[in-house]
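Here are my notes after going through the model you sent. They are in numbered points, so you can reply to each one separately.

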Amino acid sequence: MNNDASPTFPAFPAAFEWGCATAAFQIEGGALEGGKHPSIWDDFCAQPGRIKDASDGLVACDHFHRYPEDIALMAELGFRHYRFSIAWTRVVREDGSANPEGLDFYRRLLDELERRGITPNATLFHWDLPAHLQRTHGGWLGRETAHRFADYAALVARELGDRLPRVATLNEPWCSAFLGHDLGVFAPGVQDRPSSLLAAHHLMLAHGLGVQAWRAVRGDTRLGIVLNPELCDPATEAPADVAAARMAELERNDVFLDPLFGREWPAEMIEQIGAFADQRLPGDLAICAQPLDFIGLNYYTRSIAQAPDREDERRRGYRFVPPDPQRRAVTDIGWEVYPEGLERVTRKLLAQWPLPPIWSTENGAADNTPVVDGACDDPLRLGYLRSHLAQLSGMVAAGLDIRGYYVWSLLDNFEWAQGYSQRFGVVHVDYATQCRTPKASARWLQQLMSSSRA
Ligand code: FCB
């Protein structure tokens, strides 16, 4: 593998922002410290059979204690921007009051970032919903949760807002809604199609209420949301497959982007929400459609859709066909490597919705290469990053308004239902010793970032 970073693609503008991304539940650990209470992911991990390696987030990368070391590493590698999430369960007590100890952790983290010249980019909700809101209000199936999110947003705005120039409300609400309430493979593990659409509605309502609540406290923060829109190609040209791919894209993209721009959902999605349709109240759409300063787009792969077969697939209107590893490279988690999709999906969105400036807020690959003799040579990830950054640089050169790139992830971490079995970090973590080892891909990125800033 050629590790030379001299770009074989158009140079990025000098002002392009380079960063790395993480999420609280995936790295922090310190789960029982400083008055933190459990999230739905703690509860989910405690249920047998939910997590592939039966692991949990109690310790994770122990970032709660090791954040100074991790931020020093970030700085050494040349990242100048850091996207992280705040754990709702750490900063707000169950009674809704502020938890000073939890807030203090983020203040220390922000101090450290500032000291190293790294700009913070915070996400308020990266799936770790307080467990008590699940118990008392049904989590995202309850409208009250959206109001609680707005209270949480206002609290963070008051307590930490002066230190946070850019804030995203939600990360990938599709995952919370559909992986959590339709497929049931993510917390809270519900399997009910209409519920997933109701959850999606309440998540977007929470976004809108959260933006309103934040802006009522501070007007100077750039606010946005992070989505994971997907390109769903039909398996064949057959009309039934083409229709299935469209249904998959409606669920994945339109359900989230339409409300952001005050547009009603497509009729097919209203039909799928069924009896819950009356829980979408008049006026909700206007709340969802708050002006956005930016949008974060996460991109990993595309999907291939086919006409549904089983009963649950018919309810959804599509089924996904797994990629064929004989035809196209897949990463260790089984996701197709499809860099062209980054441009195709972005252009598709731009044609359909008036997007604000874009940040590429997550992109990366599962490559489980181990450390050998103190080094981790991760050719799969390196090739993945090279091809996706080549694609991105072409898009920027062609004039698409994309202002920055955050690699997922800084560290190997708790990959949700996959536990610790999938490694997405550019820095290897030995979970037994918590030893960090930058991989070849991190060194390659380091060179690319420094030459692009030169
Ligand atoms: C995204 C999530 C992130 C991580 C990557 C691999 O969907 O936002 O937390 O798990 O996938």
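1. A quick definition before the ligand: a polar contact here is a pair of N or O atoms within 3.5 Å. With that in hand, an oxygen atom of the ligand is 2.7 Å from an N or O atom in the side chain of Glu415. Do keep in mind that this is a predicted model.

2. Two more side chains come up in the same context. Asn171 has a side-chain N or O atom 3.0 Å from an oxygen atom of the ligand, and the side chain of Trp416 likewise has an N or O atom 3.0 Å from a ligand oxygen. As for cover, the protein hides 95% of the 300 Å² of accessible area that the ligand has on its own.

3. Which residues surround the ligand? The list is Gln26, His126, Trp127, Asn171, Glu172, Tyr300, Glu362, Trp408, Glu415, Trp416 and Phe424. By type, this shell splits into five nonpolar, three polar and three charged residues. The space that the ligand takes up is the largest pocket.

4. Behind the shell, have a look at Asn298. What does its side chain touch? One partner is the side chain of Asn171, in a polar contact of 3.3 Å. Asn171 is also one of the residues around the ligand, and its side chain has the 3.0 Å approach to a ligand oxygen. A further polar contact, of 2.7 Å, links the side chains of Asn298 and Thr361.

5. Staying with Asn298: this residue sits in strand β7, which covers residues 294-298. Is Asn298 buried or exposed? Its relative accessible area is 3%, so it counts as buried, the cut-off being under 20%.

6. Phe294 is in strand β7 too. At 2% relative accessibility, Phe294 is buried. Its C-alpha atom is 7.3 Å from that of Trp359, with the two positions 65 residues apart in sequence.

7. Now some backbone geometry to check. Most residues other than glycine have a negative phi, and most peptide bonds are trans. Trp127 goes against the first of these habits, with a positive phi of about 80° although it is not a glycine. You will find Trp127 in the loop between β3 (119-125) and α6 (131-137). Its relative accessible area is 6%, so Trp127 is buried, and it is among the residues surrounding the ligand.

8. Glu172 is another case: its phi is positive, about 40°, and it is not a glycine either. Where is Glu172? It lies in the loop between β4 (166-171) and α8. Glu172 counts as buried because its relative accessibility is 5%. Like Trp127, Glu172 belongs to the set around the ligand.

9. On to the cis peptide bonds. The bond from Trp408 to Ser409 is cis, with omega near 10°, and Trp408 is one of the residues around the ligand. Ser409 is in the loop between β11 (402-408) and β12 (427-430). The peptide bond from Ala187 to Pro188 is cis as well, again with omega near 10°. Pro188 is in the loop between α8 (173-181) and α9 (193-217).

10. A word on how sequence and space line up. Pro10 sits in the segment before β1 (17-21). Pro10 and Gly394 are 384 residues apart along the chain, yet their C-alpha atoms are separated by 6.2 Å. Pro10 has a relative accessible area of 38%, so it is partly exposed.

11. Asp53 makes a nice counterpoint. Only 15 residues along the chain separate Asp53 and Pro68, but their C-alpha atoms are 29 Å apart. Asp53 lies in the loop between α2 (40-46) and α3 (63-77), and it is partly exposed, with a relative accessible area of 33%.

12. Last one: Leu141, in the loop between α6 and α7 (143-160). How is Leu141 classed, buried or partly exposed? Its relative accessibility is 26%, so it counts as partly exposed. Leu141 and Ala375 are 234 residues apart along the chain, and their C-alpha atoms are separated by 46 Å.

Notes:
Residues are numbered from 1 along each chain as its sequence is written. This is a predicted model: local features need pLDDT of at least 70, side-chain atom pairs count only at pLDDT 80 or more; totals for chains, interfaces and linings use all residues. Side-chain values use heavy atoms; hydrogens and water are left out. A residue is near a molecule or strand if one of its heavy atoms lies within 4 Å of it. A polar contact is a pair of N or O atoms within 3.5 Å; within protein, one must be able to donate a hydrogen and the other to accept it, and residues adjacent in sequence count only if both atoms are side-chain atoms. Accessible areas come from the Shrake-Rupley method with a 1.4 Å probe; for residues, only the protein chains shown count as cover. On a 1 Å grid over the protein atoms alone, a cavity is a set of points where a 1.4 Å probe fits but cannot get out, and a pocket is an open set with protein on both sides within 12 Å along at least five of seven lines; lining residues have an atom within 4 Å of a point. A molecule sits in a cavity or pocket if more than half of its atoms lie within 2 Å of its grid points. Ala, Val, Leu, Ile, Met, Phe, Trp, Tyr, Cys and Pro count as nonpolar, Asp, Glu, Lys and Arg as charged, and the others, Gly among them, as polar. Helices (H or I, at least four residues) and strands (E, at least two) are DSSP runs, numbered from the N terminus. Buried means under 20% relative accessible area, exposed over 50%, partly exposed in between (1.4 Å probe, protein chains only).
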